[in-house]
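Biologist: Please take one helix of this model and go through it closely. I would like to know how it sits among its neighbours and which charged pairs are found around it.

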Amino acid sequence: MVTRSDVARRAGTSTAVVSYVVNDGPRPVATETRQRVLDAIAALGYRPNRVAQSLRGQRSRVLGLIVPDISNPFYAELARVIENCADLSGYTLVLGNSEQDAQRELRYVRTFLDRQVDGLFLISGSSSDELTALFSEIAIPFILLDRRLNYAPNAFLLATDSFAGAVTATRHLLSLGHTDIAALCGPVRVPSERARGYAHAMADAGLKPVLHHSQEYDRQSSYELARIMLAAPERPSAIFATYDLAGISILRAAADLGLKTPADLAVVAYDNILEGQYTVPRLTTVAQPTEELGSSATRHLIGLVEGDIEVKFGMEFIVPRLIIRESCGGSRA
């Protein structure tokens, strides 16, 4: 078996320097020396004994991430960003997919705690008093991401300002001259800041909010609901979709019903997943800064794990931005 001493001999350095490179610290290593060590590791096929390292350091160097639906491109991309950032800091990420199920979500939290992860990211997909109560018992650092569901005073939430983003999207449609603007939202069982933002912007303009809720956060149920909305005798002239998968489904439903977007229907959605850049027409959307959200959350959680930053509670929001593409068209004036 290849040892750290073998790597040190091949790289012409000490075993301590090899340790600093493998663990990314605690002391800096010159770029040229680091490269020699990395080349030696690659040539010899050296694999650090992570179990022994965790026993010595009392850390597993493993982080847990629970998402509500990994098939949603937004959550898949966010998981990718978090995993890459964790890997650069010498941590492994394990993933749990709750499928929007409260009990499954709770089981994942308990399983990760039993497996002694060092820290936990949670994107909650369901409201659960039991999960909220569990927060007070979690002895490791944890961060809530993206959604306010299950938020508790002893938790820290990092998210984009979904309420403000929805207000911006709705007001953009209003500025184009639309007054009959409907919203296609996710399941009614999941409270939505985006739905609240839409309703606020409509009420602020003296208009009645009209909210429609899909059965699930997926393409099929969103498509079926969009067809019902667009086949109605008094269909809306514009739709705000609270997630991009719904926006894409609306474009498909409109095309299948012979409607032209944006001439017959303006569409604005939320998330800025990659698929929205390749629809016809391209989808106007509120962009979540996935890189900033994922990297900030990872740095914060690792900082808590390693004791580099103080624990804080409360909410921190990142400002989203509207990306205007062809699906909302120009002014109707």
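Modeller: What follows is a close look at helix H9, its packing and its salt bridges, with a short note on a buried aspartate elsewhere. The model is predicted.

Helix H9 covers residues 193–204, which makes 12 residues. At 1.5 Å a residue the helix should span 16 Å, and its end C-alpha atoms are 16 Å apart, so the expected and computed values agree.

The buried residues of H9 are Arg-194, Ala-195, Gly-197, Tyr-198, Ala-201 and Met-202. Looking down the helix axis, these buried residues fall within an arc of 160°, so they line one face of H9. An α-helix has 3.6 residues a turn, so residues three or four places apart point the same way. The buried residues pack against helix H8 (162–175) and against four strands, namely S6 (181–185), S7 (210–213), S8 (238–241) and S9 (266–271). Turned away from this buried side is a face with the exposed residues Ala-203 and Asp-204.

The two ends of the helix can be described in turn. At the start of H9, the backbone nitrogen of Arg-194 has a side-chain oxygen of Ser-192 within 3.2 Å. Just after the helix, Gly-206 has a positive phi of about 80°.

Next come the charged pairs. Side chains of opposite charge can pair when their charged atoms come close. One pair lies inside the helix: Glu-193 forms a salt bridge with Arg-196, with the closest N and O atoms 2.9 Å apart. These two residues are 3 apart in helix H9, and therefore separated by about one helical turn. Both partners are partly exposed: Glu-193 has a relative accessible area of 22%, and Arg-196 has one of 45%.

Asp-204, already named on the face turned away from the buried side, forms a salt bridge with Arg-171, the closest N and O atoms being 3.1 Å apart. This bridge links distant parts of the chain, since Arg-171 is in helix H8 and Asp-204 in helix H9, 33 residues apart. With a relative accessible area of 55%, Asp-204 is exposed, while Arg-171, at 40%, is partly exposed. Helix H8 is thus a partner of H9 through packing against its buried residues and through this salt bridge.

A further pair involves the loop that leads from S6 to H9. Arg-189 forms a salt bridge with Glu-216, where the closest N and O atoms are 2.8 Å apart. Arg-189 lies in that loop and Glu-216 in the loop between S7 and helix H10 (219–231), so the pair ties together parts that are 27 residues apart in sequence. Arg-189 counts as partly exposed at 44% relative accessibility, as does Glu-216 at 33%.

The count for the model comes to 13 salt bridges. Elsewhere, Glu-77, Arg-80 and Glu-291 are linked in a network of such bridges.

For a charged residue in another setting, consider Asp-118, found in the loop between helix H6 (102–114) and strand S3 (119–122). At 9% relative accessibility, Asp-118 counts as buried. A polar atom of its side chain lies 3.1 Å from the backbone nitrogen of Ser-60. Leaving aside residues up to four places away in sequence, Asp-118 touches several residues, among them Arg-59, Ser-60, Arg-61, Tyr-91, Ile-140 and Val-305.

Key. Residues are numbered from 1 along each chain as its sequence is written. This is a predicted model: local features need pLDDT of at least 70, side-chain atom pairs count only at pLDDT 80 or more; totals for chains, interfaces and linings use all residues. Side-chain values use heavy atoms; hydrogens and water are left out. The expected span of a helix is 1.5 Å times one less than its number of residues. Buried means under 20% relative accessible area, exposed over 50%, partly exposed in between (1.4 Å probe, protein chains only). The arc is that of the directions from the helix axis to the C-beta atoms. Contact means heavy atoms within 4.5 Å. A polar contact is a pair of N or O atoms within 3.5 Å; within protein, one must be able to donate a hydrogen and the other to accept it, and residues adjacent in sequence count only if both atoms are side-chain atoms. A salt bridge is a side-chain nitrogen of Lys or Arg within 4 Å of a carboxyl oxygen of Asp or Glu.
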